[in-house]
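Here's a quick tour of the inside of this protein: what is packed where, and where space is left over. Have the structure open while you read.

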Amino acid sequence: MTDYNRPLVSVILPAYNAEKYIKESIESVIYQTLKSVEVICIDDASTDNTLSIMESICDSRIKIVRNAENLGLIKTRNLGYSLATGSYIANMDADDICNEFRLAKQLDFLLKNPEVDIVGCSINIISENGKITGKWSPPTADSQIKAALIFEAALANPTVMMRQSVLKNNTKGAQLLSDGFTSVEDYESYSRLALEGFVFANLKDVLLDYRVVSTGMTKTYEDKAKFRDSVHNNVYRRNIDKLSAYKLDIGDVHRHLVTGNVLTIGQLERLSNYLSSLERSLIIDNKCLKKDFKQKLFLLWAYSCL
């Protein structure tokens, strides 16, 4: 587990005004049981002490880059992808904490399962002061993940490890995240990769503490719910258009479907009609995916009814 001769993992860690948590985040990476890592820390023109804290941590595996101007999360993470030299790429956020076995367990899984391109894991949700407030266990199998990705996120972005080949072989290359999808850029990229045929998995193990904070790169647009819903809806429409045998009138049904915010019988009836049309129209040849898609539809319907 501590062999330096194992494949190199490049950890991409963008940060903006993260002085409160950045030291703990970086140290959780460099103190991993897996030692064959490079940690690409990119300061996105922070106005606090983020950069100086990065520079104060002495470890030859840390590579620090500073953006001359604030580029935002999408361009900053894409920059990290383009700089990565490892055979495997791992995401990390500046306010989260890795379990010490995270990278080793994910690397071992990818080495033992060569058909899988991208792997995530379960997470603890923690408050700003580090208290565990919840847990999220995403679906584990490829067909379950892809069925969920039609509608919503199915991987915790800072837990993801992928093969370098994903950056080489997807339609956008190392510029994996797309401009124009701010606040749902990870959902857009993974649903696109699913449509392109890449294979996913999530480990059941809880290997990362995901911090929910009121500021920072991952929460910049937290208060812009309408904007986020609109962008999310654009991704959803693309997914349905690519998978559907005929054009479906989505309207505002997506928001009701994913959030379960169904307030009237009329909304429930429209949702029922939409789900029936969706089940009839989607072209899915894979039997496992078709089964998991129907299961996902049932769960969304049950949640809406409740």
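Ser 10 sits in strand 1. Keep in mind that this is a predicted model. Is Ser 10 buried or exposed? Its relative accessibility comes out at 0%, so it counts as buried. Setting aside neighbours within four places in sequence, the residues in contact with Ser 10 are Glu 38, Ala 84, Thr 85, Gly 86, Tyr 88, Ile 89 and Ala 90.

Strand 1 also turns up in the largest nonpolar core, as one of the elements giving two or more residues to it. That core holds 36 residues, and those with the most contacts inside it are Val 9, Ile 22, Ile 26, Leu 103 and Met 161. Besides strand 1 (9-15), the elements supplying two or more residues are helix 1 (22-30), strand 2 (37-43), helix 2 (50-56), strand 4 (88-91), helix 4 (102-112), strand 6 (118-126) and strand 9. For a look at one of its well-connected members, take Ile 22: not counting residues up to four places away in sequence, it touches Leu 13, Ala 15, Thr 50, Ile 53, Met 54 and Ala 94. There's a second, separate core too, with 29 residues, including Ile 40, Leu 167, Phe 181 and Tyr 187.

Strand 9 (residues 200-211) is home to Asn 202. Why does Asn 202 count as buried? Because its relative accessibility is 4%, and the cut-off for buried is under 20%. The Asn 202 side chain reaches the backbone nitrogen of Cys 121 at 3.3 Å. Beyond four places in sequence, Asn 202 touches Val 119, Gly 120, Cys 121, Pro 138, Pro 139, Thr 140, Ile 145, Ala 154 and Leu 155.

Ile 145 leads on to helix 5, where it is one of the buried residues, along with Ser 143, Lys 146, Ala 147, Ala 148 and Leu 149. With 6 of its 8 residues buried, helix 5 is largely enclosed by the rest of the structure. In helix 3, the buried residues are Leu 73, Ile 74, Thr 76, Arg 77, Asn 78, Gly 80 and Tyr 81. Their cover includes strand 1, strand 2, strand 4, strand 8 (161-163), helix 6 (164-169) and helix 7.

Now for the empty space. A search of the whole structure turns up 2 cavities of 30 Å³ or more. Here is the largest cavity beside the second largest pocket:

| Space | Volume | Lining by class | Top contributor |
|---|---|---|---|
| Largest cavity | About 50 Å³ | 5 nonpolar, 3 polar, 3 charged residues | Helix 7, 4 residues |
| Second largest pocket | About 320 Å³ | 8 nonpolar, 5 polar, 4 charged residues | Helix 5, 4 residues |

Which residues line the largest cavity? They are Leu 73, Arg 77, Tyr 81, Asn 91, Asn 157, Leu 176, Leu 177, Glu 185, Asp 186, Ser 189 and Tyr 190. The elements giving two or more of them are helix 3 (73-83) and helix 7 (185-195).

As for the second largest pocket, 17 residues line it, and Lys 146, Ala 194, Leu 195, Leu 243 and Leu 289 lie nearest its centre. Two or more lining residues come from each of helix 5 (142-149), helix 7 and helix 8 (225-243). Lys 146, then, is among the buried residues of helix 5 and among those nearest the centre of this pocket.

Key
Residues numbered from 1 in each chain as written. Predicted model: local features only at pLDDT ≥ 70, side-chain atom pairs only at ≥ 80, totals over all residues. Heavy atoms only, no water. 1 Å grid on protein atoms, 1.4 Å probe; cavity = no way out; pocket = protein on both sides within 12 Å on 5 of 7 lines; lining within 4 Å. Points joined across faces, edges and corners; volume = space filled by probe spheres on them. Nonpolar A, V, L, I, M, F, W, Y, C, P; charged D, E, K, R; others polar. Buried < 20%, exposed > 50% of the residue type's maximum accessible area, 1.4 Å probe, protein only. Polar contact = N/O pair within 3.5 Å; in protein donor to acceptor, adjacent residues only side chain to side chain. Contact = heavy atoms within 4.5 Å. Core = buried A, V, L, I, M, F, W, Y, C linked by side-chain atoms within 4.5 Å.
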